[in-house]
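Biologist: I am new to this structure and would like a close look at a single part. Could you walk me through it in one go, taking your time?

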Amino acid sequence: MKPIISVPECVSESAGPRPPVLLDVRWQLGGPHGLPDYEAGHIPGAVFVDLDAELAGPAGSGGRHPLPDPEEFGAAMRRAGVSRDTPVVVYDGGQGWAAARAWWLLRWTGHPDVRVLDGGLAAWEGELSTETPTPAEGDFRPAPGALPLLDADGAAATARSGLLLDARAAERYRGDVEPIDRVGGHIPGAVSAPTSENAGVDGRFLPAEVLAARFKELGTDGTPEVGVYCGSGVSGAHEVLALAVAGIPAALYAGSWSEWSADESRPVAKGPDPQ
C-alpha cells in the first residue's frame, strides 16, 4: 500500500464502504497552536490531534519531541476513532511534517493502513467544516516495533556501517547556525539530506522515481541499513515517509539532534557533507 493518498483518492474512499478516519495534525515548530486553525475550518469529519500533547512525550533528556507513552498514544487514537481495521488518513497544513509524525507513530505501533494526504489541507478543494465531530471510540491497541527505530548508539552505528541521513536544513547540518539546540553540527558520518527537497513548492511529494534517484545519489544503494534523524523526530519522519514512497525502508532516530546534542559526551561534527 502506498503511504500517501491524493485528494481525489481520499474523496472517493470517504464516500465508499470503508471510509477512513481523518486526523488533522496541523502544527508549526515554534508557531501558534493548530487548534484555532482547525476550529476555523477542517476537512469534514476530521478530528484534531495535538502533536505536542498526543504525538510526543514531555521534552527532556530524550529530546524535544520524544516518543509518547504507547498507552497514552493509543488512548488518544481511540478517542479520535481509530480502530485497527479502519483506514486512517492524516493531514496537516501542507508541509507534511506533522502528518508524517502521526503516520510514523501509527505504523510503528502496528496500524496496518495509514496514509498521509499528499499536499495536506492546502491541496483540499472541497468544502471545510467548523463542526467538531464526536467519533465512536476506536479499538486500536499499540504494539510498538512494526517499523525500525534507532536510539543514539544505533544512529552512531548506522552512520559507520550504513547510511545515516540528516533531514535538517543544510546550514544546521554544517553547524553554521543552530537556533534551537545546545550546539550546531551533525552526527559524525551522517549525510546531509534536507527533507525540504522531498516535495515541491505545493507540498506534494516528488514522484517516486525522482525520490528514488535522489536517495540513490545520497548512497542508499547497497547499504545494509538506512537511518534518518532531524532536530526532534518530526521532519525526520517526513524523510522516512519520502523513502517509503521511493520503496526504501528506513529507521528513524526519534530523539534526533535534540537528544544527541544534549549529551556532551556525544561527538559533534561540523562543516560540509563529507561526500
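In what sense do β1 and strand β5 (residues 114-117) pair, and over how many bridges? Please start there and then take me through the surroundings.

Modeller: Happy to, and please keep in mind that this is a predicted model. β1 and β5 pair in the parallel sense, over two bridges. One residue to find on your screen is Ile-4, whose bridge partner in β5 is Val-116.

Now step back to the sheet that these strands belong to. It is an open sheet of five strands with parallel pairing, in the order β1-β5-β4-β2-β3. β1 (4-5) and β3 are the edge strands, each of them pairing on one side only. As general background, strands of a sheet pair through backbone hydrogen bonds, either parallel or antiparallel.

Let us walk along that order. From β5 we come to β4, and these two strands pair in the parallel sense over three bridges. Here Val-116 turns up again, as the bridge partner of Val-90 in β4. Val-116 is thus a good landmark: it is the partner of Ile-4 and also of Val-90. Going on, β4 pairs with β2, again in the parallel sense, over four bridges. In that pairing, Leu-22 stands opposite Val-89 of β4.

Strand β4 deserves a pause. In a regular strand the side chains alternate between the two faces of the sheet. In β4, Val-88 and Val-90 are on one side, while Val-89 and Tyr-91 are on the other. These four residues are all buried, and both faces of the strand are covered.

What lies against this sheet? Helix α5 packs on it, touching β2 (21-24), β4 (88-91) and β5. The direction of α5 makes about 175 degrees with that of β5. Look inside this helix for two tryptophans, Trp-104 and Trp-108, which are four residues apart in α5 (residues 97-108) and so are separated by about one helical turn. Trp-104 is buried, with a relative accessible area of 0%, and Trp-108 is buried too, at 10%. Their rings form an aromatic pair, with 5.4 Å centre to centre and 15 degrees between the planes. Pairs with planes under 30 degrees apart count as stacked, and this one is stacked.

A search of the whole structure finds three aromatic pairs. Another of them takes us to the edge of our sheet: the rings of Tyr-38 and Phe-48 have their centres 5.6 Å apart and their planes at 45 degrees, so this pair is tilted. Phe-48 belongs to strand β3 (residues 47-48) and Tyr-38 to helix α2 (residues 35-40), so the pair ties together parts that are ten residues apart in sequence. Both rings belong to buried residues: Tyr-38 has a relative accessible area of 3% and Phe-48 one of 16%.

One more neighbour is worth finding, a glycine from later in the chain. Gly-203 has its place in the loop between β8 (191-192) and α8 (208-218). At 13% relative accessibility, Gly-203 counts as buried, because the cut-off for buried is under 20%. Leaving aside its neighbours within four places in sequence, Gly-203 is in contact with Gly-94, Asp-118 and Gly-119. To place these contacts, recall that β4 covers 88-91 and that β5 covers residues 114-117. Gly-203 can also be set beside Gly-96: the two are 107 residues apart in sequence, yet 7.0 Å apart in space, C-alpha to C-alpha.

To retrace the route, begin at β1 and cross to β5, where Ile-4 has Val-116 as its partner. Move on to β4 with its two covered faces, and then to β2, where Leu-22 stands opposite Val-89. From there the order of the sheet leads to β3 at the edge, where Phe-48 meets the ring of Tyr-38 from α2. Finally, turn to α5, packed on the sheet, and look for its stacked pair, Trp-104 and Trp-108.

Notes. Residues are numbered from 1 along each chain as its sequence is written. This is a predicted model: local features need pLDDT of at least 70, side-chain atom pairs count only at pLDDT 80 or more; totals for chains, interfaces and linings use all residues. Side-chain values use heavy atoms; hydrogens and water are left out. Rings of Phe, Tyr and Trp (its six-membered ring) pair if their centres lie within 6.5 Å; planes under 30 degrees apart count as stacked, over 60 as edge-to-face and the rest as tilted. Buried means under 20% relative accessible area, exposed over 50%, partly exposed in between (1.4 Å probe, protein chains only). Two strands pair if DSSP finds at least two bridges between them. Contact means heavy atoms within 4.5 Å. Axes are lines fitted to C-alpha atoms, for helices over the stretch in contact, and angles run from 0 to 180 degrees between N-to-C directions.
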